[in-house]
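Work through the exercises below with the model open beside you. Try each task before reading its solution.

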Amino acid sequence: MRVNPHYRELAESYLFSTISRKVKEYQDAHPDAAVIRLGIGDVTRPLAPAVVEAMERAAAEQGEAATFRGYGPEQGYPFLREAVAAYYAGFGVELSPEEVFISDGAKSDLGNILDLFAADNTVLIPDPVYPVYVDTNRMAGRPILFADATWENGFLPAPDPAVKADIIYICSPNNPTGAVYTREGLQAWVDYALAQDAVILFDAAYACFIQDPALPRSIYEIPGARDCAIEFGSFSKMAGFTGTRCGFTIVPQGLTREGMSLAGMWLRRQTTKFNGVPYIVQRGAEAVFTPHGLTQIQENLDYYRENARVIMAGLTQAGIAFTGGEHSPYLWLRCPGGLDSWSYFDRLLQEAQVVGTPGAGFGRNGEGYFRLTAFGDQDATRQAMARLAALRF
Ligand code: MLT
């Protein structure tokens, strides 16, 4: 018997697990310290009342013989697939509900989708980026190339026609840098993918933070994308579902490679390995798209936007260079005093009791940078910025 040897190539633990461990060690040693967590991008606002009411109704249905439901369709109930398609139609993207696959979140699907691709495909991943893309491909032993995202290119790398790739990851608005591709920027990637016969895996988990209608919220706003892109969406950041779990993956019907329909393959994969998202959760997710639901989630998103504004103002006042925050819940800053990411993490934790995420955890180009999230409590965020600004390097 042999274990998967590629697990030896992974860092010892997942980035956010390492941070949790370090914070716990600090808290155990300093039980009275009032630690403020702006590290992992986890939401703090409660679910919208429209969502809770829908889930209560659905729970009651599950308690009656006449309305009880057992296994649901693995790819999601039609009511939610239709609601997602209607939401996309609201900003001009036409999808058929059959192209929308409901899941327990974008993170799971971003990993699971790799079942569709051969292990010797070359993967192109921006650096820095959400660590799940790299780790899931390392686990499968795929060759990985990196596209450098730097301060100089606004953390928005453009494709290099000399580089050959089969699977391309794009996250816009970006985690961790907050950078957002313009239509032209995304068009360059779609053209590149089509020329290479590659597939783009487009992570749109933060699309709800885009405030400028000129910026694309979906890759399907870009001509040609239906022939080369799979998109991942999430209710986590949009509607506070990080603990409730629901997301969706869009696989266009006409997207084929080597004569195989990727939507057909994904359906085959999901029906084999997945039993669907609970009915109660899907009813809650459906309620996000009702008029009340949409108004209520906007109130929460505005709350986080205000946090982002507070962090941006604090960083500006402290003379710390940063990107993000405008169309994103993430602020990406240059560590002051020339510190490396983990040293800044330690200083902030020990001297200000503020937790952020070291940029180095997102890739080589993240060294010397640091991420703060706008998902915290508003008073705590203000206090964190006051503490951060008071530190001298
Ligand atoms: C993050 O902090 O980057 C996010 O929480 C990651 C995620 O959504 O899984």
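Angles under 35 degrees count as roughly parallel, over 145 as roughly antiparallel, 65 to 115 as roughly perpendicular and the rest as oblique. Helices (H or I, at least four residues) and strands (E, at least two) are DSSP runs, numbered from the N terminus. Axes are lines fitted to C-alpha atoms, for helices over the stretch in contact, and angles run from 0 to 180 degrees between N-to-C directions.

This is a predicted model, where local features need pLDDT of at least 70, side-chain atom pairs count only at pLDDT 80 or more, and totals for chains, interfaces and linings use all residues. Residues are numbered from 1 along each chain as its sequence is written, and side-chain values use heavy atoms, with hydrogens and water left out.

**Exercise 1.** Describe how helix 3 and helix 9 pack.

Step 1. Locate the pair: helix 3 spans residues 78–89 and helix 9 spans residues 279–288. Their axes come within 9 Å and cross at roughly 25°.

Step 2. Classify the angle. Helix 3 and helix 9 are therefore roughly parallel.

Step 3. List the contact (heavy atoms within 4.5 Å). Helix 3 supplies F79, L80 and A83; helix 9 supplies Y279, Q282, R283, A285 and E286.

Step 4. Sort these residues. The contact of helix 3 with helix 9 has 5 nonpolar, 1 polar and 2 charged residues. Ala, Val, Leu, Ile, Met, Phe, Trp, Tyr, Cys and Pro count as nonpolar, Asp, Glu, Lys and Arg as charged, and the others, Gly among them, as polar.

**Exercise 2.** Do the same for helix 2 and helix 9.

Step 1. Helix 2 covers residues 49–62. Its axis comes within 8 Å of that of helix 9, and the two cross at roughly 150°.

Step 2. Helix 2 and helix 9 are therefore roughly antiparallel.

Step 3. From helix 2, A50, V51, A54, M55, A58, A59, E61 and Q62 take part. They meet Y279, I280, V281, R283, G284, A287 and V288 of helix 9.

Step 4. The contact of helix 2 with helix 9 holds 11 nonpolar, 2 polar and 2 charged residues.

**Exercise 3.** Find where P128 and P173 lie, and describe the peptide bond before each.

Step 1. P128 sits in the loop between strand 3 (123–127) and helix 5 (131–140). The bond joining D127 and P128 is cis, with omega about 10°.

Step 2. P173 sits in the loop between strand 5 (167–171) and helix 6 (183–196). The S172 to P173 bond is cis, with omega near -5°.

**Exercise 4.** Is F155 buried or exposed?

Step 1. F155 lies in the loop between strand 4 (144–148) and strand 5. Its phi is positive, about 60°, although F155 is not a glycine.

Step 2. Apply the cut-offs: buried means under 20% relative accessible area, exposed over 50%, partly exposed in between (1.4 Å probe, protein chains only). At 3% relative accessibility, F155 is buried.
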